Amino acid sequence: MKKYSLLLGLAIATGSLNTALAAEDCATRSAALERELHIAEQYNHHRKAAGLRQALAEVKAHCTPESVTAENRAEIRKLKRKVEDKQRALRETEEDLAEARHKGDGEKIVKYRRKLAEKRGELREAQMRLGEARGDRGWWE
């Protein structure tokens, strides 16, 4: 299983498994890897093709519904922590803005408003990713 994770990590680093990462089951992962492999071979990307062949062999040898479920749960936990971190950062920025308003510091008010908009966008993005990982179909929390 460690080899499988390592190979996936290497493939992710090269950007070749975007489709496979979104896969819901082992058969879908295998099919995605096979498509990527076909493309790599078509364009004579020998190193990439070799890595994909190895990743495909690992998926076929070690992928189980239980391992997919465990990976999905781990990803959801990671994304929940990220949402919580973004919420915490948003609250801190709101507090900074409130303090700047209290002091009447116009420059800082503008600065914190801009930061607040940025933090809200980051939070929405993190919530959307969490919703996707959970399989939510509607608006995210």
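**Close-up views of a six-helix model**

**Figure 1. Overall composition.** Buried residues make up 30% of the 141 residues in the protein. The model is predicted. Six helices and zero strands are present, so the order of elements from the N terminus on reads α-α-α-α-α-α. Among contacts with a separation of 6 or more, 53% join residues 24 or more positions apart. The exposed area is about 9,900 Å², and carbon and sulfur atoms supply 50% of that area.

**Figure 2. Helix α6 and its two ends.** Helix α6 covers residues 106–134, 29 residues in total. The distance from its first C-alpha to its last is 42 Å, close to the 42 Å expected at 1.5 Å a residue. At the N-terminal end, Asp105 acts as the cap, with a side-chain oxygen 3.3 Å from the backbone nitrogen of Glu107. After α6 comes Gly135, which has a positive phi, near 90°.

**Figure 3. The buried residues of α6.** These residues pack against α5 (65–103). They include the polar or charged Lys119 and Gln127 as well as Ile109, Tyr112 and Leu116. Gly131 is also buried.

**Figure 4. The largest nonpolar core.** This core holds 12 residues, among them Ile76, Val83, Leu97, Tyr112 and Leu130. Helices α5 and α6 each supply at least two of its residues. Ile76 is in contact with Leu130, Ala133 and Arg134, leaving aside neighbours within four places in sequence.

**Figure 5. A second core.** A separate core has 11 residues, including Leu33, Ala40, Leu56 and Cys63.

How values were computed
Residues numbered from 1 in each chain as written. Predicted model: local features only at pLDDT ≥ 70, side-chain atom pairs only at ≥ 80, totals over all residues. Heavy atoms only, no water. Helix = DSSP H or I, 4+ residues; strand = E, 2+ residues; numbered from the N terminus. Expected span 1.5 Å × (residues − 1). Buried < 20%, exposed > 50% of the residue type's maximum accessible area, 1.4 Å probe, protein only. Contact = heavy atoms within 4.5 Å. Polar contact = N/O pair within 3.5 Å; in protein donor to acceptor, adjacent residues only side chain to side chain. Core = buried A, V, L, I, M, F, W, Y, C linked by side-chain atoms within 4.5 Å. Areas by Shrake-Rupley, 256 points an atom, 1.4 Å probe, with all protein chains shown as cover.
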